[in-house]
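Biologist: Thanks for sitting down with me over this one. Could you walk me through its core and its charged pairs?

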Amino acid sequence: MFTKIVIANRGEIACRIIDTAARLGVATVAVHSDADANALHARRADEAVHIGPSAASESYLRGDRVIEAARRTGAQAIHPGYGFLSENPDFVEAVEAAGLAFVGPSAEAIRAMGRKDAAKALMEEAGVPIVPGYHAEEQDPAFLHRQADELGYPVMIKARSGGGGKGMRVVHDRDAFRSALDGAAREGLHAFGDSAVLIEKYIESPRHIEVQVFGDAHGNVVHLFERDCSLQRRHQKVIEEAPAPGMTAEVRRAMTEAAIRAAQAIGYRGAGTVEFIVDGSGELRADGFWFMEMNTRLQVEHPVTEAVTATDLVEWQLRIASGDPLPLAQSAISLTGHAFEARLYAEDPQKDFLPATGTVEHLSFGSARIDSGVARGEEISPFYDPMIAKLTTHGATREQARVALLRALAQTQVTGVTTNVSFLHALASHPDFAAGALDTGLIERDIERLLAIGSRVELPMAVAAIALCAPAAEQGAPSWRLWGRGSERVLLDGGGETIEVRIDRSDTQRTKVMLPGGALAFDRIAFDGDIVEVGERGHTRRLPSVVRATADGRHVSVLFEGSTYRYFCPDPLARLTRSASREDDVRAPMTGAVRAVLVGEGAEVSAGQDVLVLEAMKMEHTLRAPRDGRIAAIDCAEGAQVSDGAVLLRLEPLVADG
Ligand code: ADP
């Protein structure tokens, strides 16, 4: 075994690798960017080396600096985690040329699977079923269009160098083909430096089932059963589980054998995942699954496999990379119970899941396995993937694991940044999910219901008003009474809507809070640090609530039943000096880079029309015109870096001639 390794990653996966290394007595070296100088992974490793500015392209993607960090610290191996350099064969070659071990497969194996087109061709040869389609060199748009026509719609266009759900478009009819092709090619070029695509038949009601495989340097390959990752939004996994609901012994045998053939075809070493797209329109069938791709690294969702097989896959990776044979033979690997993993993200489901940034003010979890790379006080920056944590639960049955997941989600408390926790909770409560009736379209079909806000929004709203009214000096004071009598009026901005709240303290026994939807009466109000205690007829609740002052007013986040409710209390003076109405501007919803400006100055646009493409957190976001109008000014250039709230385009009313 190695005595010291470099972890070429950040966030939860870097922390997760540090944990196993520490248990095995292996010293760890973290690498970090400017933005991550105080990040958890950099603080938790035995040593930390600064490798560059915040942009990943200048730090976490700089293989030369990672190798230099290993040289400087005397490490023998580099663990790449997932993402960043993990599937970069040139990096693997450079690591090996520097006399270091790469914790992962050979450069040739990565190359063989790196491009989706070449991988499909190779798998076809190895006798692994593949999705029908076009996956050769020709990229002429008219030619690709004909291929799609012949295949029959719907089809899927995929950037051949793509990954992580990026650079993919589903096309339902031939008229939509060209713009989808442009989109996939553009995303492929920007994210992966390759605009070439492949086309395949779109499988309807698909399920995504993948098999975890492991190979060693001695030619052995085993599988560790399957994971079902069908719960996706825009091709990104949301909740994963193992085993797959409805899996039979016969289908499992066919699928795991195909996965092992795939790994053997490329002499695979280390952890890998063979992803299959599965016909989910009925029962699982041994002839109803097709190879999609092989991920030649550890997957984000590996904890569900660890839970059902009682293994530590990072330990396996380190052992295999140091030359040991596989820790267990196939016959010794067994599956026990059921596990789920939910991905907690800093994003706002109510705003089309836009990634959110901010400082984590409060962070606590209930009972579940938590893989987190973020600590209280840390900032979720716009530079990297906005995942906060993964929650994994395990139970004897699927239902037990699901109930444990629901409980863990309800106990999750994050303030300071908006998260998807209530969305995850709604998803885990969904009747089809509960019944194990999954397919990749479930979330999109039922998005309205999944985004419906909980029933008692009045309580967090009232607490927000109370927290905002409390003079700062009295937060922490034992009683609300210190404030004296009278009534107060607060204007709250809750997601664009202004709400008037009145707090009436004329009654010494009770404080009444009047809201648009009715009044609440509290017989007890007290502050305990960041926590507001409110009592209603002897029932006291403690709601963490954080007030933060900014130049334009004060923000308050209130945590209630696992969800964060955020309000804004504008400073009336700031509001008066603000010039044009927000409706006239298209603003950057987050910090990012302008990828494409789709309209010209003077152009007439209608409400909802696509006007600009912003890339942030490695995803493209299309911005739309807020109303009908004419483009009065374009305040940004393609390629420009823009910050959250910046005005990008300005609209003026359409004036009738004469
Ligand atoms: P990535 O490498 O970006 O993760 P994949 O090829 O693994 O891309 O596909 C991601 C997801 O897109 C799959 O899990 C599945 O939901 C969906 N998908 C991919 N190919 C198809 C297809 N041919 N038909 C239907 N859905 C597909």
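Modeller: Happy to! A salt bridge here is a side-chain nitrogen of Lys or Arg within 4 Å of a carboxyl oxygen of Asp or Glu. Please keep in mind that this is a predicted model.

Biologist: How far apart are the closest N and O atoms in the salt bridge of E187 with R169?

Modeller: E187 sits in helix α8 and R169 in strand β8, so their pairing ties together parts 18 residues apart in sequence. E187 counts as buried at 9% relative accessibility, while R169 is partly exposed at 22%. Their closest N and O atoms are separated by 3.0 Å.

Biologist: Is E301, the salt-bridge partner of K237, buried or exposed?

Modeller: The side chains of K237 and E301 meet at 2.8 Å, N to O. That pair links strand β12 with the loop between β14 and α10, 64 residues apart. K237 has a relative accessible area of 15%, so it falls under the 20% limit for buried. E301 has a relative accessible area of 1%, which means it is buried.

Biologist: Between which domains does the largest nonpolar core lie?

Modeller: This core has 34 residues, and I239, I388 and L427 touch the most other members. Elements that each supply at least two of its residues include β12, β22 and α13. Both domains involved give residues to the core, so it lies between domain 3 (204-325) and domain 4 (337-452).

Biologist: How many salt bridges are there by this rule?

Modeller: Some share partners, and one network formed that way includes K237, E301, R343 and K390. By this rule, the count of salt bridges is 56.

How values were computed. Residues are numbered from 1 along each chain as its sequence is written. This is a predicted model: local features need pLDDT of at least 70, side-chain atom pairs count only at pLDDT 80 or more; totals for chains, interfaces and linings use all residues. Side-chain values use heavy atoms; hydrogens and water are left out. A nonpolar core is a set of buried Ala, Val, Leu, Ile, Met, Phe, Trp, Tyr and Cys residues joined through side-chain atoms within 4.5 Å. Buried means under 20% relative accessible area, exposed over 50%, partly exposed in between (1.4 Å probe, protein chains only). Helices (H or I, at least four residues) and strands (E, at least two) are DSSP runs, numbered from the N terminus. Domain bounds come from an automatic or database domain assignment.
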